[in-house]
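Me: I'm new to this structure and would like a close look at a single part: the place where the two chains meet. Could you walk me through that part?

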Amino acid sequence: MNFDFSEDTGAMREEVRRILRDRFPRGAVRQAVDAGARFDREFWAMLGEMGWLGVAIPERFGGSELGYEALCMIAEEVGAALPPVPFLSTIFAGEALTLFGSEAQRAKWLPRLASGEAIGCLALAGDDAVKLPVVDGDIADIAVVSRSDGLYLVKLEGTAREKIETLDLIRTSVRLTLPAAMERLEGADVPRLLDRLAILVAFEQVGGTQAALDMAVGYAQERYAFGRAIASFQAIKHKLAEIYVALELARSNAYYGAYALEDEADLPVAASAARIAASKAFSLAAQENIQTHGGMGFTWESDCHLYYRRARELALNLGSARYWRDRLIDHLDKAA
Amino acid sequence: MMDFGDTPEEAAFRAEARAFLDAHMKLKAKGAHVSRAMTPDDVAASKAWQRLKAENGFAGILWPKAYGGREGTPMQQIIFGQEEDRYAVPTTVFNQGVGMAMPTVMTFGTPEQLARYPRPALFGDEVWCQLFSEPAAGSDLAGLRTRAVRDGDDWVINGQKIWTSYAHFADFGMLVVRTDPNVAKHAGLTFFLIDMKTPGIDIRPIKQISGASNFSEVFFDEVRIPDSQRLGAVGEGWKVALTMLANERFTVGKAEGPDFDDIFALARQTDLGGIRAVDDSAVRERLADWYVKTAGLKYTRLRSQTALSRGKAPGPENSILKLVSAPKLQEIATFGIDLLDMAGTITDPEIAAMHGLFQQALLYAPSKRIAGGTDEILRNIIAERVLGLPADIRADKGLAFNQIPTGAR
């Protein structure tokens with residue numbers, strides 16, 4: 001029985017966490033947003049140098065090929081820290097190209113995605129002519145675009161893009177009008193891609209859930225009312241305990257997802273369950289974190305809203321709960 | 001990379017366990033859900049099976065060899081449990097004695113007690129029961145009122161215990177009583193090993209909401225017990241009781257009764273005005289939720305087992321298991337009945353869907369949310385021990401037991 005991350009991944013996690021905490025202490029991300037500097041180019045270059053972007057990319061294409069376990073772990077820590085970099089978008093594009101790109105497409109783009117030299121994004125929402133919202137579409141060099149007849153690779157330089165407001169303050173989205181010149185990704189299996197990406201997102205959601213829970217636990221111990229820490233009231237304790245329960249259910253399902261990234265036999269079920277559990281846990285933690293903070297949690301400066309906003313964005317970015325419930329139940333029904 | 005396989009040592013032990021089980025027991029029939037009160041024949045069968053396991057080194061896997069155990073690993077205990085669960089073995093009456101009571105005796109017992117009790121319990125000769133809860137002391141167990149007063153070399157016990165399993169069949173009980181009401185509630189308790197045939201003990205079955213009786217009340221009327229039957233020091237009863245309850249975690253298994261597979265099967269075979277229930281979006285929402293919880297519990301157990309397999313202590317994630325599974329059982333039972341529409345109220349197993357599985361579960365599921373720590377107590381435990389939140393402010397803190405405010409009693 002070996003159903004946990006390896007000791008190596010655990011050691012690397014400590015390093016990843018330390019770097020993120022040093023760079024983005026509490027409040028730093030919000031202050032960057034306030035200053036209008038959403039994208040931290042310097043940190044992005046660091047990520048490329050440290051190899052975080054290439055852990056799942058084959059060595060012959062410039063990655064370290066450490067594997068998906070390391071990628072899941074990094075996604076979890078990124079989900080907790082919310083750094084203003086297009087991490088997930090670039091991983092999405094890299095995964096699509098790794099799975100379905102031609103040899104030439106992979107040779108051209110994967111090394112640049114692994115080093116951070118190029119930024120990728122994924123464009124799912126919208127129709128066959130216009131995609132929106134496209135997260136990180138303002139700074140991306142390439143987009144992997146879904147259309148009714150398959151997946152395409154689009155070079156974004158010179159394409160029509162206009163910024164649109166979304167719930168996400170940290171990452172900018174655009175409306176992307178698709179150009180005539182697009183490279184088709186032959187034989188792309190979109191549901192399979194979504195399954196794999198959903199598992200990576202589940203780890204981001206687990207990280208966000210843990211961070212929101214940690215915030216609520218910390219605040220409840222500091223805040224006094226009626227002469228005692230509010231953390232001593234059962235109404236608060238039980239609320240936070242329920243978040244912990246949802247978090248552990250999400251984490252355990254996500255771990256099975258990480259397993260299914262390597263052994264795809266049960267991929268649709270593992271991905272759907274990981275997605276459903278993680279979306280639910282993050283939504284609960286993000287909203288109850290605000291509630292635990294009371295009026296303070298409703299202020300811009302509390303930072304609670306960063307998770308509240310991100311929870312919705314991650315719950316929808318690969319299709320809403322209905323799609324994933326149907327995928328789960330349909331597969332269980334077929335297997336029964 | 002993650003894998004679900006055994007290590008070579010674990011695989012060898014699993015093969016050994018399977019060979020033993022194959023030689024003596026048949027595999028369970030598929031879909032067998034039997035729920036009924038224990039008869040004397042059932043107890044005899046459980047005793048015989050316990051002896052056979054003990055003689056072959058599978059009863060006391062974690063026990064010291066000195067008492068007939070294997071001195072094995074927690075992983076071996078889990079593996080044997082997984083394998084035994086596949087076979088139609090007799091319902092056991094030894095969980096409390098072997099899993100909880102005797103490990104506590106091994107921690108606190110006198111040489112005489114150690115020579116006398118563990119071995120007969122392991123080899124199926126003596127059944128033990130637990131005499132902890134009282135009508136006025138459940139979640140607040142330390143508020144118990146059954147009194148023991150010293151009289152020469154004996155103690156004289158008066159009071160009442162409740163929710164005792166196997167009381168009728170038990171040879172001995174693990175009894176915690178109040179020996180000093182003039183000190184704080186936790187400080188005035190003492191622990192005894194009591195012979196259930198002692199004069200003055202009266203055992204009465206409790207009729208549960210289902211009409212069945214799986215537990216008893218045990219009354220003590222001037223019951224004399226020698227001081228040599230005391231386990232631990234006078235006033236140390238709370239510590240002994242906590243030790244025993246800590247061992248409970250190793251014995252609590254998976255909750256029986258309808259789970260995701262059962263409600264999924266029912267939803268696939270139930271017609272909702274022309275479509276299968278499983279194709280209805282409202283039904284799907286519930287099914288997806290239960291699947292995710294069921295899978296989450298399964299993989300949480302595997303995470304804990306991984307820690308054990310690596311020779312480490314499991315993490316705190318274990319604490320969610322009962323808090324998720326018990327309410328889920330109740331929800332599934334209720335939803336299963338509702339899916340059956342007006343026929344859902346039929347309890348007759350000859351007529352009811354799936355032999356009344358959901359109806360039966362409706363009437364025992366409430367106990368799962370109460371026994372072994374209520375949902376509310378479990379949330380307190382997670383909040384305090386896992387999240388590090390402060391303990392409740394207590395109205396009885398610093399008071400002697402006999403000064404604590406009470407209700408009608």
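Reply: Let's start with one salt bridge: the side chain of Glu7(A) meets that of Lys312(B), with 3.1 Å from N to O. Keep in mind that this is a predicted model. That pair belongs to a bigger tally, as there are 10 salt bridges between chain B and chain A. Counting polar contacts gives 24 residue pairs between chain B and chain A, with both partners at pLDDT 80 or more.

So much for the pairs; now for the pieces of chain B that carry the contact. Four helices of chain B each bring at least two residues to the side that touches chain A: H8 (260-269), H9 (281-309), H10 (321-339) and H12 (375-386). The most comes from H9(B), which gives 19 residues to that side. If you sort the residues on chain B's side by kind, you get 27 nonpolar, 11 polar and 17 charged.

Stepping back to the whole contact, chain B puts in 55 residues and chain A puts in 46. Together the two chains bury about 4600 Å² between them, and carbon and sulfur atoms give 63% of that area. On the chain B side, the residues that lose the most area to chain A are Met2(B), Arg284(B) and Arg303(B), which together account for 17% of what that side buries. You can pick out Arg284(B) and Arg303(B) in your view by looking along H9(B), since that helix is the run 281-309.

How values were computed: Residues numbered from 1 in each chain as written. Chains lettered and ligands numbered in written order. Predicted model: local features only at pLDDT ≥ 70, side-chain atom pairs only at ≥ 80, totals over all residues. Heavy atoms only, no water. Contact = heavy atoms within 4.5 Å. Buried area = accessible area lost by both parts, 1.4 Å probe. Salt bridge = Lys/Arg side-chain N within 4 Å of Asp/Glu carboxyl O. Polar contact = N/O pair within 3.5 Å; in protein donor to acceptor, adjacent residues only side chain to side chain. Nonpolar A, V, L, I, M, F, W, Y, C, P; charged D, E, K, R; others polar.
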